[in-house]
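Visitor: Please show me the model, and then take my questions one at a time.

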2 protein chains.
Amino acid sequence: MSLTERIRRPSLHEELVERLRNLIVEDALKPGEKVPEKELCASFGVSRTPLREALKVLASEGFVVLNANRGATVAKVTREELDSTFPVIAVLEQLAGELACHHLDAAGIARIEERHAAMLAAFASRDRTAYFQANQDIHQALIQGAQNDVLESQHKLLGSRIRRARFLANLSEERWAQAIEEHEAMMERLRVRDGEGLGQLMKRHMTNKHAALLRALDAEGGSEVAR
Amino acid sequence: MSLTERIRRPSLHEELVERLRNLIVEDALKPGEKVPEKELCASFGVSRTPLREALKVLASEGFVVLNANRGATVAKVTREELDSTFPVIAVLEQLAGELACHHLDAAGIARIEERHAAMLAAFASRDRTAYFQANQDIHQALIQGAQNDVLESQHKLLGSRIRRARFLANLSEERWAQAIEEHEAMMERLRVRDGEGLGQLMKRHMTNKHAALLRALDAEGGSEVAR
DNA sequence: AAACGTAATTATGAATTCATAATTCAAACT
DNA sequence: AGTTTGAATTATGAATTCATAATTACGTTT
């Protein structure tokens, strides 16, 4: 790292935004639950002011809901929100695919190729954890390869808002196999740097994931999705 | 309106987020300027706490930059940010076009048809103000017609972050004429509810607007764009 | 005169305090 | 018994206070 790098001491509220968002995304704070202001202040060892500042930010990001004079609750992810969010993520991924084909160098593609192989191996041994990891790495690499900060931040934000839901999607064997096929097709487009084609495949990949998720939800019949 | 509607009293910080964002978007607070905490507290008649909460939210939205122990400044819109933002807006509009064709009813299309006519009239008389207004109404109507809250809010946020810049774009007569043609083509697709086609045209329309803006900026040679 | 160092001032981040709204719980009443 | 009313408690929104970091002003030194 640079020797004269700016000293960076994140303010309390920044730190708290991170920590609280993690608590929510990692499901330590569950949707619908009240955010226990007092307890959190005590356990983090901070006063209410920075914690409340953090809550306002998280509210604007959509992770919590503020009710006047009634405190904050963790936002529930409704079916409607899911249906609104997936298409937007889908077009963001489409854009990422287009841009990544332009910007990724050989090394970058090689890295994705490696993760793709890891994903195939995980599928072969039906190792869900390894599969999810490799899968996420690939999408992440493509997003970052697009070299567009706005795209990256928006994608990250929307992705984390529906993070929990995505885990429920790849349940069925058929869907899993289909997803693998889709990834194979994506890799082909990436290898020849066909941005247009990769983008369309990524969009469709997301759309299919959404559809699969909806089927899974309908099967269990909950209109409300746990984060 | 419903007789038993919930009483809604926006909290101070919500109110302040709105007001401050307007001050920034409307250029009353200029990019790079310090946000004068004290003055604003005085003129709004509130204490520092809610104002600072509002600043944190605006920072997470990208309108201000917080410097530790050095207060907040209005975010500058850099050339890089512009280049990152336009492609994202473009794909959001693409999605809007696709969805709007599905969701808009005859009345909705008629309303856009009317605004389109108003836009043509404004172009004929070279009335820039009326043109901008009609143009914005059309895009707004298409976004809302998509009936996707996430899409709408993201589009609104990104749009307002580069609002100022967009005013600089339609300077040249050629670009203006080209934009009109693009809108004509868009209307054709909308009339036959060709979502795919409309989406692609809207994306290209944005891409062209971006290109025109860059040319305008290059001509005057500023790497930094006033909001 | 320029540069440096130090004190005074100011601005900022965060804790605390305060007023008020919401909730809880118990007693009174139907 | 169940419901309603009202005091007590608690939680929340916002103002104020406090400690510290940053800036400015000023004097000293070379």
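Visitor: Just after α9(B), which residue takes a positive phi?
Guide: This is a predicted model, in which local features need pLDDT of at least 70, side-chain atom pairs count only at pLDDT 80 or more, and totals for chains, interfaces and linings use all residues. Residues are numbered from 1 along each chain as its sequence is written, and chains are lettered from A and ligands numbered from 1 in the order in which they are written. Helices (DSSP runs of H or I, at least four residues) are numbered from the N terminus. Just after helix α9(B), a positive phi of about 55° is taken by R193(B).

Visitor: Which residues of α9(B) are buried?
Guide: A residue is buried if 20 or more other C-beta atoms, placed from the backbone, lie within 10 Å of its own, exposed if 12 or fewer, and partly exposed in between. In α9(B), the buried ones are A179(B), H183(B), M186(B) and L190(B).

Visitor: Why are they on the same side of α9(B)?
Guide: An α-helix has 3.6 residues a turn, so residues three or four places apart point the same way. The buried residues of α9(B) lie on the same side because, in directions from the helix axis to the C-beta atoms, they cover an arc of only 60°.

Visitor: Which residues are exposed on the other side of α9(B)?
Guide: The buried residues pack against α4, α5 and α10 of chain B, where contact means C-beta atoms, placed from the backbone, within 7 Å. On the other side of α9(B), the exposed residues are E173(B), E174(B), A177(B), E181(B) and E184(B).

Key
Helix = DSSP H or I, 4+ residues; strand = E, 2+ residues; numbered from the N terminus. Contact = placed C-beta atoms within 7 Å.
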